Amino acid sequence: MKNEPLFKVVVVAAVAALFLAFASAAHASDASAVTRTGTYTTSEGGSGSATSVISRSPGVVTRQGSWTNAAGGTGHWQSQTLWDKDTKTATISGSATRPNGTKSSWQLTATRTAPGTILEKGAITRGNGEQATFAATDTRVAPGKWDKQETLTTASGKTINRTVDTAFADGNGTRNVTTTLPDGKTVTRNATFTQAVSPAPAS
């Protein structure tokens with residue numbers, strides 16, 4: 001499908017990890033940096049590694065990351081989250097460059113509607129100007145565990161549904177993504193990662 005790579009790469013990088021960025025901004029009281037490293041596999045035979053650094057200060061979270069696929073191609077992405085404690089809303093913007101050089105960007109808002117529940121909505125724009133929209137509900141189902149249900153609508157009006165299950169404990173995490181494409185085909189992406197927290201470097 002023409003648009004499918006956009007969602008496989010950009011949305012996994014930008015949106016699947018949103019809950020951590022949102023929670024970090026909401027609760028940040030001291031400047032800190034979080035480094036994540038991990039690997040992933042897909043049901044279509046893909047695999048690779050990824051790394052990211054999350055820097056946070058009160059009300060602000062910035063993320064920079066990269067991933068390398070099995071063929072050795074490397075992509076990069078970055079995002080910034082701004083948290084408004086009065087409205088319990090975060091505004092997120094970011095961009096990504098895939099290994100083949102194509103670029104995409106995204107804008108979204110996330111609102112905490114109840115303890116452990118976040119509603120998200122926004123848009124992703126490809127380098128050619130084509131835009132897709134998405135809406136999601138992210139729910140904390142247990143300590144260290146989150147479930148996200150997401151619907152994406154392509155520029156041509158086709159719908160892609162995604163489920164993202166994330167679990168984290170003792171510095172180790174997993175993220176399992178199941179995507180159902182408009183033709184009914186289901187693809188999965190399973191990742192494991194480790195996380196280390198340290199004081200943010202002085203500016």
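Good morning. Two strands are said to pair if DSSP finds at least two bridges between them. With that term in hand, let us turn to the structure shown above, which is a predicted model.

I begin with confidence. The mean pLDDT of the chain is 82, and 82% of the residues reach 70 or more. Residues 1-29 stand apart from this, because their pLDDT stays under 50. The model nevertheless places 83 contacts beyond four positions in sequence for that segment. Where pLDDT is low, predicted coordinates should not be read in detail. I shall therefore leave that segment aside.

Now the overall architecture. The chain holds 2 helices and 12 strands. Followed along the sequence, the two helices come before the strands, in the pattern α-α-β-β-β-β-β-β-β-β-β-β-β-β. Of the 203 residues in the chain, 40% are buried. Among contacts with a separation of 6 or more, 35% join residues 24 or more positions apart. The chain exposes about 9,800 Å², and carbon and sulfur atoms supply 52% of that area.

Let us look at three consecutive strands, β4, β5 and β6. Strand β4 covers residues 74-84 and strand β5 covers residues 89-97; the two are antiparallel and share 9 bridges. Within this pairing, Leu82 is opposite Thr91 of β5. The hairpin of β4 and β5 has 4 residues between its strands, and Lys88 adopts a positive phi near 55° there.

On to the next hairpin. Strand β6, residues 103-114, also pairs with β5 in the antiparallel sense, over 9 bridges. Here Ser93 has Gln107 of β6 as its bridge partner. Between β5 and β6 there are 5 residues, and in this turn Gly101 has a positive phi of about 95°.

I come next to side chains that meet. How many salt bridges does a search of the whole structure find? The search finds 4, and I shall describe some of them.

One of them joins Glu44 and Lys185, at 3.2 Å from N to O. Glu44 sits in the loop between β1 and β2, while Lys185 sits in the loop between β11 and β12, so this pair ties together parts of the chain that are 141 residues apart in sequence. Is Glu44 buried, partly exposed or exposed? Its relative accessibility is 42%, so Glu44 counts as partly exposed. Lys185 is likewise partly exposed, because its relative accessibility is 42%.

Another salt bridge connects Glu150 and Arg162, at 3.1 Å from N to O. This pair links distant parts of the chain, with Glu150 in strand β9 and Arg162 in strand β10, 12 residues apart. Both Glu150 and Arg162 are buried.

A further salt bridge brings Glu130 together with Arg126, at 3.6 Å from N to O. Glu130 has a relative accessible area of 21%, and the limit for buried is under 20%, so Glu130 counts as partly exposed. The value for Arg126 is 22%, so Arg126 is partly exposed as well.

Finally, I return to strand β9, residues 145-153, which also contains Lys148. Why does Lys148 count as buried? Its relative accessible area is 1%, so Lys148 falls under the 20% limit. The side chain of Lys148 makes a polar contact of 3.1 Å with the side chain of Glu120.

To close, this predicted chain has 2 helices and 12 strands, and its salt bridges include one between two loops, that of Glu44 and Lys185. Thank you for your attention.

Note on methods: Residues numbered from 1 in each chain as written. Predicted model: local features only at pLDDT ≥ 70, side-chain atom pairs only at ≥ 80, totals over all residues. Heavy atoms only, no water. pLDDT = per-residue confidence, 0-100. Contact = heavy atoms within 4.5 Å. Buried < 20%, exposed > 50% of the residue type's maximum accessible area, 1.4 Å probe, protein only. Polar contact = N/O pair within 3.5 Å; in protein donor to acceptor, adjacent residues only side chain to side chain. Areas by Shrake-Rupley, 256 points an atom, 1.4 Å probe, with all protein chains shown as cover. Salt bridge = Lys/Arg side-chain N within 4 Å of Asp/Glu carboxyl O.
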